[in-house]
Amino acid sequence: ELVVKDADSTSLGSISDRNIDMLVIDSLHKRHHMEAELTMHAKYIKKYIIAHDTSISQDPEKESLYACLYDFCREAPGWEIVEREIANVGYTVLKRK
């Protein structure tokens, strides 16, 4: 069964079901915002996190969304980057180990 829910990425209360297979992040393209989303939601995701627009950045490389995801996987137990596409605006897929 496929259930798609649109939620406010900055409000945990907007996600009533905490049994989530996949999270797609395509919101404010700033590292601090993505860090907040990952901190808030990653513990509820069972399988995948897909982040869109991870190859674009007006900020220094260390502040890019991809760098944020890379650092998250390095610091958070149980997550790894399994796919990255850099064409156009890019996307990155994280998988729970």
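The following legends describe close-up views of a predicted model of one protein chain.

**Figure 1. Overall arrangement of the chain.** The chain contains 2 helices and 4 strands. Read from the N terminus, these elements follow the order β-α-β-α-β-β. Of the 97 residues, 31% count as buried. Among the contacts with a separation of 6 or more, 60% join residues 24 or more positions apart. The accessible surface of the chain comes to about 6,300 Å², and carbon and sulfur atoms contribute 51% of this area.

**Figure 2. The open sheet and the helices that pack on it.** The 4 strands form an open sheet of mixed pairing, in the order E1-E2-E4-E3. E1 and E3 are the edge strands, and each of them pairs on one side only. On average, neighbouring strands of this sheet are turned by 15° against each other, direction ignored. Helix H1 packs on the sheet and touches E1 and E2; the direction of H1 makes about 170° with that of E1. Helix H2 also packs on the sheet, where it touches E2, E3 and E4, and its direction makes about 155° with that of E3. In general, strands of a sheet pair through backbone hydrogen bonds, in either a parallel or an antiparallel manner.

**Figure 3. The hairpin of strands E3 and E4.** E3 and E4 run antiparallel and are joined by 6 bridges. Within this pairing, Glu80 stands opposite Lys95 in E4, and Ile81 stands opposite Leu94 in E4. The hairpin has 5 residues between the strands, and Asn88 takes a positive phi near 55° there.

**Figure 4. Surroundings of Thr92.** Thr92 is found in strand E4. Thr92 counts as buried because its relative accessible area is 0%, and the cut-off for a buried residue is under 20%. Neighbours within four places in sequence aside, Thr92 is in contact with Ile49, Ile50, Ala51, Thr54, Tyr66, Leu69, Ile81, Glu83 and Arg84. One of these partners, Leu69, is a buried residue of helix H2. From C-alpha to C-alpha, Thr92 and Val82 are 7.9 Å apart in space, and they are 10 residues apart in sequence.

**Figure 5. The buried residues of helix H2.** Helix H2 spans residues 65–75, and its buried residues are Leu65, Ala67, Cys68, Leu69, Asp71, Phe72 and Cys73. These buried residues pack against helix H1 (31–41) and also against three strands, namely E2 (45–52), E3 (79–85) and E4 (91–96).

**Figure 6. Salt bridges around Arg74.** The whole structure holds 5 salt bridges. Side chains of opposite charge can pair when their charged atoms come close. The side chains of Asp71 and Arg74 meet in one such salt bridge, at 3.3 Å from N to O. Both residues lie in helix H2, 3 residues apart, which is about one turn of the helix. An α-helix has 3.6 residues a turn, so residues three or four places apart point the same way. The two partners differ in accessibility: Asp71 is buried, with a relative accessible area of 17%, whereas Arg74 is exposed at 55%. Arg74 also forms a salt bridge with Glu75, the closest N and O atoms being 3.6 Å apart. Glu75 and Arg74 are both exposed. A network of salt bridges links Arg31, Glu35, Asp71, Arg74 and Glu75.

**Figure 7. The salt bridge between Asp21 and Lys46.** Asp21 and Lys46 form a salt bridge in which the closest N and O atoms are 3.3 Å apart. This pair links distant parts of the chain, with Asp21 in strand E1 and Lys46 in strand E2, 25 residues apart. Asp21 counts as partly exposed at 36% relative accessibility. Lys46 likewise counts as partly exposed, at 40% relative accessibility.

**Figure 8. A nonpolar surface patch.** Met22, Val24, Tyr48 and Val82 make a nonpolar surface patch of about 340 Å². Of these residues, Met22 lies in strand E1, which comprises residues 20–25. Met22 is partly exposed, with a relative accessible area of 45%. In a regular strand, the side chains alternate between the two faces of the sheet.

How values were computed:
Residues are numbered from 1 along each chain as its sequence is written. This is a predicted model: local features need pLDDT of at least 70, side-chain atom pairs count only at pLDDT 80 or more; totals for chains, interfaces and linings use all residues. Side-chain values use heavy atoms; hydrogens and water are left out. Buried means under 20% relative accessible area, exposed over 50%, partly exposed in between (1.4 Å probe, protein chains only). Contact means heavy atoms within 4.5 Å. Accessible areas come from the Shrake-Rupley method with a 1.4 Å probe; for residues, only the protein chains shown count as cover. Patches are made of residues with over 30% relative accessible area and no salt bridge: like charges are joined within 9 Å, nonpolar side chains (Val, Leu, Ile, Met, Phe, Trp, Tyr) within 5 Å. A salt bridge is a side-chain nitrogen of Lys or Arg within 4 Å of a carboxyl oxygen of Asp or Glu. Two strands pair if DSSP finds at least two bridges between them. Axes are lines fitted to C-alpha atoms, for helices over the stretch in contact, and angles run from 0 to 180 degrees between N-to-C directions.
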